[in-house]
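Please look at the sequence and the structure shown here, and keep both in view while reading. The report begins with one aromatic side chain and then widens to its surroundings.

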Amino acid sequence: MKRMFGVEMQAPAGKLPGFYAQVIHKIGVNVNVFDRDGQLLIVEGEHDRQKLNELLTKASMLGEEFSLWLLPPDTEIIHLDDIGFESQEGHTYLYADRVAFFSLDVSAGDDQDQWAALEQMKETILGRIPSTPADLYLIDPAHDQLIDGIARAYNISVLWQDKDV
């Protein structure tokens, strides 16, 4: 899982097609665009996000900006359209403000309690990223207290992943 940035490019009204082509050329020369989805350009680092922002602002083409998570290919997602998208290149992204990540603390509680807690948590889980030593689960950030409550009820523990995983 990797932090990425999405910057939306808005087509300028009343400009000639050559103007648009010049902006695209400047972006290609100055910014390492990792991926795109329609008018959303996706970059890896803060430096490229800032440079892209500057170029699009100067051209009056800057739209919304998004903090994204690039997910590994083996991620299982339920209703991706609610929390992210798949790019033209086939990469899966989640909007960072729409998800929270946790794993079960494998050292807390017994296997049966962990299984039972996870069964109850499944009602709010949006996806799973296979990982070692424990899978990462995705939820709506509004459900973090619910997950903590279920963990307490089964005498297990969950580990919340930092926002900068």
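## A buried tryptophan

In this predicted model, Trp 69 has a relative accessible area of 2% and is therefore buried, since the word applies to anything under 20%. The face of the Trp 69 ring is covered by Arg 3, which lies over it at 4.2 Å from the ring centre.

## Aromatic pairs

How many aromatic pairs does the count come to? The count comes to six aromatic pairs. One of them is formed by Trp 69 and Phe 101, whose rings meet edge-to-face, with 5.7 Å from centre to centre and 85 degrees between the planes. Because Trp 69 lies in strand β4 and Phe 101 in strand β8 (residues 100-104), this pair ties together parts that are 32 residues apart in sequence. Phe 101 is buried too, with a relative accessible area of 4%.

Phe 85 and Tyr 93 form an aromatic pair that is stacked, with 5.3 Å from centre to centre and 25 degrees between the planes. Phe 85 counts as buried at 9% relative accessibility, and Tyr 93 counts as buried at 0%. Both residues belong to one aromatic cluster, in which they are joined by Phe 66 and Tyr 95.

## The sheet

Strands of a sheet pair through backbone hydrogen bonds, and they may do so in a parallel or an antiparallel way. In this model, six strands make up an open sheet in the order β2-β3-β1-β4-β7-β6, and their pairing is antiparallel. The edge strands, each of which pairs on one side only, are β2 (33-37) and β6 (84-86). On average, and with direction ignored, neighbouring strands of this sheet are turned by 30 degrees against each other.

Within the sheet, strand β1 (residues 2-9) and strand β4 (residues 62-70) run antiparallel and are joined by seven bridges. To follow one such connection in the structure, start from Met 9, whose bridge partner in β4 is Leu 62.

## A helix on the sheet

Which strands does helix α2 touch where it packs on the sheet? Helix α2 (residues 46-58) touches β1, β3 (40-43) and β4, and the direction of the helix makes about 5 degrees with that of β1. Strand β4 thus appears in several parts of this report, as it holds Trp 69, is joined to β1 by seven bridges and is touched by helix α2.

How values were computed:
Residues are numbered from 1 along each chain as its sequence is written. This is a predicted model: local features need pLDDT of at least 70, side-chain atom pairs count only at pLDDT 80 or more; totals for chains, interfaces and linings use all residues. Side-chain values use heavy atoms; hydrogens and water are left out. Two strands pair if DSSP finds at least two bridges between them. Helices (H or I, at least four residues) and strands (E, at least two) are DSSP runs, numbered from the N terminus. Axes are lines fitted to C-alpha atoms, for helices over the stretch in contact, and angles run from 0 to 180 degrees between N-to-C directions. Contact means heavy atoms within 4.5 Å. Rings of Phe, Tyr and Trp (its six-membered ring) pair if their centres lie within 6.5 Å; planes under 30 degrees apart count as stacked, over 60 as edge-to-face and the rest as tilted. Buried means under 20% relative accessible area, exposed over 50%, partly exposed in between (1.4 Å probe, protein chains only). A charge sits over a ring if NZ of Lys or CZ of Arg is within 6 Å of the ring centre and within 35 degrees of the ring normal.
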